[in-house]
Amino acid sequence: MAETSWLSEIPQLSRGELRDIRKGLDGIYRDFSREYGETIEALFDPLLAFLVWFEKLLLASPWFLVIAVIAGLAWIASRSWKLVLGVVVSFFMIGYFGMWDDTMRTMSIILVCTMMAIALGVPIGIAMARSDRVQSTVTPMLDIMQTMPAFVYLIPVVMLLGIGKIPGVIAVIIYAIPPVIRLTNLGIRLVDKDVLEAATAYGANSVQRLMGVQLPLAMPTIMAGINQTIMMALSMVVIASMIGVKGLGQPVLKSITNQYFTLGLLNGLAIVALAIIFDRVSQAYAKRSQQHMEGLDNG
Amino acid sequence: MAEAKIETQPTALIKIEGLYKLFGKNPKKYMPLVHEGKSKDEILAATGHTLGLKDINMTINKGEIFVIMGLSGSGKSTLIRHFNRLIDPTEGVIEMEGTDVMKLGPKELEQFRRHKMSMVFQRFGLLPHKTVVDNVAYGLSIQGVSKSESTAKAKEWLETVGLAGYEEQYPAQLSGGQQQRVGLARALCTDAEILLMDEAFSALDPLIRSEMQDQLIELQQKLQKTIIFITHDLDEALRIGDRIAILKDGEMVQQGEPEEILLNPATDYVEAFVRDVNRARALTVETVMKDPAYRITADTIEEALKQMRGFKEDYGYYINDDGYQGVVTEEALEDAYAEDNNAEMTSECCEDLDSISPDAVLETVIPETLNSEYSLPVVDEDGEFTGMLSRSTLAEVLGNETADSSESVEETERKAG
């Protein structure tokens, strides 16, 4: 009987064996993080210093100055009075309902995460576009990053670096970086072959082709990727607050545990407002910078 | 095209010998099959490899417009990409001014592409994110020429192609014809000796196309570049080509001057092509005229009458020291003789009959030829009487295109394929 049980039940490791494997791996990782945790943490010190400085800058600046700067940026990017007005009103409301400090903290972490994601993601995307082998290695990794529940990779990060801003930034980047990588790759691969051939025929080397043709022509797609990355980073804010990232996520977490509906709603709306502002401003910028590539409207 | 004919010995600029291109994963392995003479279809069925070019040999001379023509799938676009190695051949030699292009390293190849050749594309290949002037200056900016210098030069070329004032527009704002002018200006801006034109005018509508052809011919007379021009349109090939090569299924079918191809097609395939050509537009007077005859050179009417009686016709062309004077009939001579049998032969006996130039395209002389009862005298630039063109010659040449075409194009193609 015992020999034929695999017919009715899937063969399984015994409980003891499974526990040993878990314990073994956990032990190895714990040893690793005890050994190297501090060294790795030290690597992130400059980033942490920047993050803290930026947060302090936003918090210490007078509120009207911050709103003015953000409105100015929105104007430069979009040249639309409506959008600028929307930005000013939203930020004023955020402050009026007492969420100013948390919003500034969230903004600083989102901006840092987005910049890091672009700085890492665009080069990775370029490498993927240039080599099919890189593409076939990186794609499954991106699949894992996008589908693995965020809590799962929070565990090793926390084990390694403890609770705080840096683990939060890393978690947000892991969660938010796939779109910018994927769309950079896609954008470059979709560049018109004729234009690229023309550049080659005039003797452009690979750097000239990349900077002069591929990146500019892929820019609309890359911008869409960056836009997605910002959105995903914002949505990660609440989860990141579980490992000690201050900002709009923490009141949300507090409202879940204490059933404060209004507090949760207000902070949620603040996140939505930030998301919409980032989205519209970056889209408007992308659209404006690509105007000349539209069809023969005025021909 | 006829004007561009230079009598001096042409110097070979590019040489292609034994060029083969087999597309697929492992072309080298299957080359023996190609050499065994297996057909394109057999090779595709047996190996999954496509034979792109088969044993191409050609020499392109300095300063000529060399047209490579064929239908789609004939390998012409593949062939032109071998000149600047956008495609590498499976086998064969490409030589330019004695340098083996195949032996160039990556850096040398870049330099070669920057300075020796420039290319015009069927679908323009303009950079959509750069202004027109930056597009034209693109070749120079790749070479590292300073912005101010390259822009100044680009502006000059834009003016040459008739696009002054469009400098700051973007390509998407221009029409197809204008975009291709930008493409042409970009190609000329690098001062490369060789111009590769890949179906450059095929995407344009007929009127713009012929305008662009005229412009190219005009520019070529000034610049004397070596132009390799790809087309699927024989009319275009005949119009601009100094020499033409015809490709079919990756093989060279015939090479030669336009008249040669028109008057002596090598295979049924070429003949089927040639049949639809408007000969009146493609041929010049020189290629079809008869040898000169019926010269009246006498000093007196009496002698002139004697000369005239030796002719088959009852008229002749009076030629004195100043060259051709006009046509004179036997009747007129007899009248003059009756009046005064000692009179000198002068141009007063002649009727005015305008001569035609040997370089004139047949189409332009059709009305004159048909209106005249005499053969028209052909007189070259130096005033020399070089030939005659009669109504019947014209009818024969132009009528030929339907007279000997008992088979339809499809039938010939089926037989050839």
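Helix axes are lines fitted to C-alpha atoms over the stretch in contact, and the angle between two of them runs from 0 to 180 degrees between N-to-C directions. The legends below describe close-up views of a predicted model.

**Figure 1. Helices α15 and α16 of chain B.** Helix α15 of chain B spans residues 301-309 and helix α16 of chain B spans residues 330-339; their axes come within 10 Å and cross at roughly 150°. Because angles over 145 degrees count as roughly antiparallel, α15(B) is classed as roughly antiparallel to α16(B). The crossing in which α15(B) passes α16(B) is left-handed. On the side of α15(B), the residues that meet the partner helix are Ile301(B), Glu302(B), Ala304(B), Leu305(B) and Met308(B). They face Glu330(B), Leu333(B), Glu334(B), Ala336(B) and Tyr337(B) in α16(B). By class, this contact of α15(B) with α16(B) comprises 7 nonpolar and 3 charged residues, with no polar ones.

**Figure 2. Domain arrangement of chain B.** Chain B is divided into two parts, of which domain 1 takes in 12-116 + 192-277 and domain 2 takes in 287-399. Taken over C-alpha atoms, the centres of domain 1 and domain 2 of chain B are separated by 45 Å.

**Figure 3. The side of chain A that touches chain B.** In this interface, 21 residues of chain A are in contact with 22 residues of chain B. Helices α10 (193-201) and α11 (206-240) of chain A each contribute at least two residues to the side of chain A that touches chain B. Helix α10(A) provides the largest share of that side, namely 6 residues. Sorted by class, the side of chain A that touches chain B holds 10 nonpolar, 8 polar and 3 charged residues.

**Figure 4. Packing of α10 against α11 in chain A.** The axes of α10(A) and α11(A) lie 10 Å apart, and the helices pack at an angle of about 170°. That angle makes α10(A) roughly antiparallel to α11(A). Helix α10(A) enters the contact through Val195(A), Leu196(A), Ala199(A) and Thr200(A). Its counterpart α11(A) enters through Arg209(A), Gly212(A), Val213(A) and Leu217(A). The contact of α10(A) with α11(A) divides into 5 nonpolar residues, 2 polar residues and 1 charged residue.

**Figure 5. Packing of α6 against α7 in chain A.** Helix α6 (residues 100-130) and helix α7 (residues 132-147) of chain A have axes 5 Å apart and pack at an angle of about 130°. The two helices, α6(A) and α7(A), are therefore oblique to each other. Residues Ile124(A), Ala127(A) and Met128(A) of α6(A) form the contact with Val134(A), Gln135(A) and Val138(A) of α7(A). In the contact of α6(A) with α7(A), 5 residues are nonpolar, 1 is polar and none is charged.

**Figure 6. Gly164 and its setting in chain A.** Gly164(A) occupies the loop between α8 (150-161) and α9 (165-189) of chain A. Gly164(A) counts as partly exposed because it has 16 C-beta neighbours inside 10 Å. From C-alpha to C-alpha, Gly164(A) and Tyr29(A) are 20 Å apart in space, while in sequence they are 135 residues apart. The surrounding chain A has 13 helices and 0 strands, and its C-alpha atoms fill a box of roughly 80 × 60 × 40 Å along the principal axes. Among the 299 residues of chain A, 33% count as buried. Of the contacts in chain A with a separation of 6 or more, 75% involve residues 24 or more positions apart.

Methods
Residues numbered from 1 in each chain as written. Chains lettered and ligands numbered in written order. Predicted model: local features only at pLDDT ≥ 70, side-chain atom pairs only at ≥ 80, totals over all residues. Helix = DSSP H or I, 4+ residues; strand = E, 2+ residues; numbered from the N terminus. Parallel < 35°, antiparallel > 145°, perpendicular 65-115°, else oblique. Left-handed = near helix turned anticlockwise from the far one by under 90°. Contact = placed C-beta atoms within 7 Å. Nonpolar A, V, L, I, M, F, W, Y, C, P; charged D, E, K, R; others polar. Buried ≥ 20, exposed ≤ 12 C-beta atoms within 10 Å, placed from the backbone. Domains from an automatic or database assignment.
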